[in-house]
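Reader: I should like a close look at one part of this model, namely the ligand site and the elements around it. Please explain each term as it arises.

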Amino acid sequence: MTDLDLGALRARFPILSRTTYLNSCSLGALSDAAEAELADFRDQWHQRGASAWYEYWMAKLDALRSCAATAHGAQPRETALMPSVSAALSMLTESLPGELLASGRNRVVCSELDFPTLAYQFRVKPEIELVPLRSADGIGIDIEQYADAVDDRTLMVATSHVFYATGFIQDIAAIAEVAHGAGAWCVIDGYQASGQIPVDVAGSGVDAYATGPLKWLCGGPGLGYLFVRGDRLPELTPRFTSWFAAQRQFDFDFERFEFRDDARRFELGTPPLATVHMALGAHRLLESVGFDRIHARDRALTDHLVARLRQEGFSLRMRDDESRRSNIVMVSMPDEAEVVGRLAEAGIIVDHRPGHVRVSPHVYNTEDELEHFVTELVGIRG
Ligand SMILES: Cc1ncc(COP(=O)(O)O)c(C=O)c1O
C-alpha cells in the first residue's frame, strides 16, 4: 500500500488522528463509511417511517448477507444474520438432528483456548459431554490431538479459527477432515479471523462458521453471521425460531409454519438495522481496499511488531511457525492491567488478558505507531 493510499485510508477512521489505536481484535475502528450508512438509516426512518422496511431496508439486509458471504467464501443462501456469535453457535447446536444424540453421539470436542462462550453452549446441556483439549504450550493445539479425541461418540468438533488470547491460527480444513472422518460435525468460531486473515468457508469444508462484523471488519456491535454449507442445510431443523425464518414470512399465517430452505431459517426476529447499516458501510470500505491487500498489510505489520518486540527483549506468547501467527500479539508482562492503563495515558489503546498485554494492529496502522507502542512499553518496563 502506498503512502498516499494509506493516508487516505487512515483519514476515513477518525480515532486514528487522536490515538494510537492497536486494539482491533476487541473492536475495529469506526469509519466515516459506517457512519454515513448509519446517517442514511436515520434519514430513511425520518422520511419513510415503517415504509422504509419494504422499500429500502429489506434490500439492505440482502446486501449485507451478500457482502458477508463474498468476504467469507460462502453463498448468500448459506448466510444468516444473527444477534451475536453466541446466538449463532447456540442456534446451530439446537438445530442438529436429534437422532445423532439418541444414537449415543453426545461428545463435543473443543479446546481450552477457545473463547469461553463456545464451551458455555455445551456446559448448559446436561446431555452433552464436553471434551476440552488442553494446550501443551498454552499457545495452540496440534491436529493430532483432534485426531486422538474424535471418535464415533463425537457429535461435533467446535473450535476457533484464530484463538482470541494467543492469535494462533488453526488449520480448520484439517480439523474438518478429522471430524468428518468420524461422522461428526465441524463448527468453527471465526470471530478473530474474519477481516484479518483469508477465510474460505466452502474451501475449508467446515459445516458451519460463526462470526460477525465487530472486530477486524470494523462494523460495530449487535450482529453475528452464521454460514452453513448449502448441502448440510436440509439436515438442520432449529428448535427455536421466528417469523424471519418462515418460508412465507409476510403471509402472517398463524396456523402453519414452514422453514425457509436457505440459511435464513436460522434468523431470529427483527435484526438490528443500525448495525446492519454500519457493517455494510465498513464492509464496502474494506472491499474497496481489497481483502488481499488487507491481509498482506496485516501480516507485514505483525512481522514488524514481532521483530521489534523481540529486539527489545520482550517475551511473546506465539509459536515460531509463522503460518500459524495472526495479528493478535501477546506480550508477556506482569501487572498487565496497570501497564495497559499507563499506555492509555500515553494515547495508546491496547488491552490485556491474564499475564499479557494484547496488541492487535490492523491495515490502517503504521510502523510509526508500532514504534510508539514499543518505545512506551520499554519505558514502562524500565
Ligand atoms: C473468538 C470469539 N468468539 C466469540 C466472542 C463473543 O461473541 P458474541 O459476544 O458476539 O457472542 C468473542 C468476543 O470477543 C471472541 O473473541
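Author: Two residues are in contact when heavy atoms of theirs lie within 4.5 Å of each other. The model is predicted: local features need a pLDDT of at least 70 and side-chain atom pairs a pLDDT of 80 or more, while totals for chains, interfaces and linings use all residues. Residues are numbered from 1 along each chain as its sequence is written, and side-chain values use heavy atoms, leaving out hydrogens and water.

The ligand is surrounded by Ser84, Val85, Ser86, Phe115, Thr117, Tyr164, Asp189, Tyr191, Gln192 and Lys215; a residue counts here if one of its heavy atoms lies within 4 Å of the ligand. Some of these residues place polar side-chain atoms beside ligand oxygen atoms, and a polar contact is a pair of N or O atoms within 3.5 Å; within protein, one must be able to donate a hydrogen and the other to accept it, and residues adjacent in sequence count only if both atoms are side-chain atoms. For serine 86 the distance to a ligand oxygen is 2.4 Å, for lysine 215 it is 2.7 Å, and for glutamine 192 it is 3.3 Å. On its own the ligand has 400 Å² of accessible area, of which the protein covers 80%; such areas come from the Shrake-Rupley method with a 1.4 Å probe.

Glutamine 192 merits further attention. It is found in the loop between strand E6 and helix H9 (201–204), where helices (H or I, at least four residues) and strands (E, at least two) are DSSP runs numbered from the N terminus. Its relative accessible area is 6%, so glutamine 192 is buried; buried means under 20%, exposed over 50%, and partly exposed in between, with a 1.4 Å probe and protein chains only. The side chain of glutamine 192 also makes a polar contact of 3.1 Å with that of tryptophan 216. Beyond its neighbours within four places in sequence, the contacts of glutamine 192 are Cys25, Val162, Tyr164, Lys215, Trp216, Ile328 and Arg358.

Arg358 leads to another element. Arginine 358, in strand E12, is the bridge partner of methionine 330. E12 (residues 356–359) and strand E9 pair in the antiparallel sense over four bridges; two strands pair if DSSP finds at least two bridges between them. They belong to an open, antiparallel sheet of three strands in the order E9-E12-E11. Strands E9 (329–332) and E11 (351–353) each have a single partner strand, so each stands at an edge with one side lacking a neighbour in the sheet.

Asp189, another residue around the ligand, belongs to strand E6. Because five of the five residues of E6 are buried, this strand is largely enclosed by the rest of the structure. Trp185, Val187 and Asp189 point one way from E6, whereas Cys186 and Ile188 point the other way. E6 pairs with strand E5 in the parallel sense over five bridges, and within this pairing cysteine 186 is the bridge partner of valine 157.

Thr117, also beside the ligand, is one of the buried residues of helix H6 (residues 116–123), the others being Leu118, Ala119, Gln121 and Phe122. These buried residues pack against helix H4 (85–93) and against strands E3 (107–111), E4 (129–133), E5 (154–160) and E6 (185–189).

Finally, valine 228 lies in strand E8 (residues 224–228). Not counting residues up to four places away in sequence, valine 228 touches Glu78, Leu92, Asp207, Ala208, Leu233, Leu236 and Phe266.
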